[in-house]
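Dear colleague,

I am handing over the structure we spoke about, and I would be glad if you could look through it alongside the notes that follow. The sequence and coordinates come first, and my findings come after them.

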Amino acid sequence: MKKTVKSLLALELSILLSAFFSFSFFINLQVAFLSSFFIIVGSMHAYKNMIKTKIQNEEIEEQRDELDRVLDPYELDDNAPISEKPIDELDLKAIVKEEKKKIKLLNLSDIKKGSSASFSAYRLVPYLFLIIAFIALKNNELLDIAVYLPSLFLGIVAGYVTMRES
């Protein structure tokens, strides 16, 4: 943890030193770096909290392995009886009703489970910062895309390394 803090401080110091080069360069670098850094850290933190909550609530779902997904992508039942009757004698309406019962419907509780990490404040606030800061740079005619875009990558890498070590 101390190593992460030291490396972040060194990175931030080097960003601050870029102010001597050009204010426009510095502000683009700083805003893009912080935006992407906070987005990555917030996203990984929200995901980590969601996983911890699922483990505590014992909501761990059994997932199929990759080979099974490739061999049986539609989760067909291998033990289902195969009717040897001619097609004319099959009751198609009964078969359709039976298959409709097997279909899993999307319900509100599934949506809530899947969106808990998506709509977390840890993720929304950094995206809001990104949007507002970008607009502020553009409106003040300070936006330099040639500096801004590579700086986003720098923040992504720093955020990933920070969360990887924590």
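In which loop is E141 found? E141 sits in the loop between α6 (121-139) and α7, and please keep in mind, here and throughout, that this is a predicted model. The phi angle of E141 is near 55°, which is a positive value in a residue other than glycine. E141 also counts as exposed, because its relative accessibility is 75% and the cut-off for that class is over 50%.

As to the chain as a whole, there are 7 helices and 0 strands, so that, when read along the sequence, the pattern is α-α-α-α-α-α-α. The chain has 166 residues, of which 21% count as buried, and its accessible surface comes to about 13300 Å², with 64% of that area belonging to carbon and sulfur atoms. If one takes the contacts in the chain with a separation of 6 or more, 73% of them are accounted for by residues 24 or more positions apart.

The helix pair that I would like to describe in some detail is formed by α2 (residues 23-56) and α7 (residues 145-165), whose axes come within 7 Å and cross at roughly 35°. The crossing in which α2 passes α7 is right-handed, and the contact of these two helices, sorted by class, has 17 nonpolar and 8 polar residues but no charged ones.

Two serines, one from each of these helices, deserve a closer look. S151 has its place in helix α7, and with a relative accessible area of 4% it is buried, because that class takes in values under 20%. The side chain of S151 reaches the backbone oxygen of V147 at 2.6 Å, while, leaving aside residues up to four places away in sequence, S151 touches N28, L29, A32, F33 and S36.

S43, for its part, lies in helix α2, and a polar atom of the side chain of S43 lies 2.8 Å from the backbone oxygen of I39. When residues up to four places away in sequence are again not counted, S43 touches Y122 and R123.

With kind regards

Conventions:
Residues numbered from 1 in each chain as written. Predicted model: local features only at pLDDT ≥ 70, side-chain atom pairs only at ≥ 80, totals over all residues. Heavy atoms only, no water. Axes fitted to C-alpha atoms, helices over the stretch in contact; angles between N-to-C directions. Helix = DSSP H or I, 4+ residues; strand = E, 2+ residues; numbered from the N terminus. Left-handed = near helix turned anticlockwise from the far one by under 90°. Nonpolar A, V, L, I, M, F, W, Y, C, P; charged D, E, K, R; others polar. Polar contact = N/O pair within 3.5 Å; in protein donor to acceptor, adjacent residues only side chain to side chain. Contact = heavy atoms within 4.5 Å. Buried < 20%, exposed > 50% of the residue type's maximum accessible area, 1.4 Å probe, protein only. Areas by Shrake-Rupley, 256 points an atom, 1.4 Å probe, with all protein chains shown as cover.
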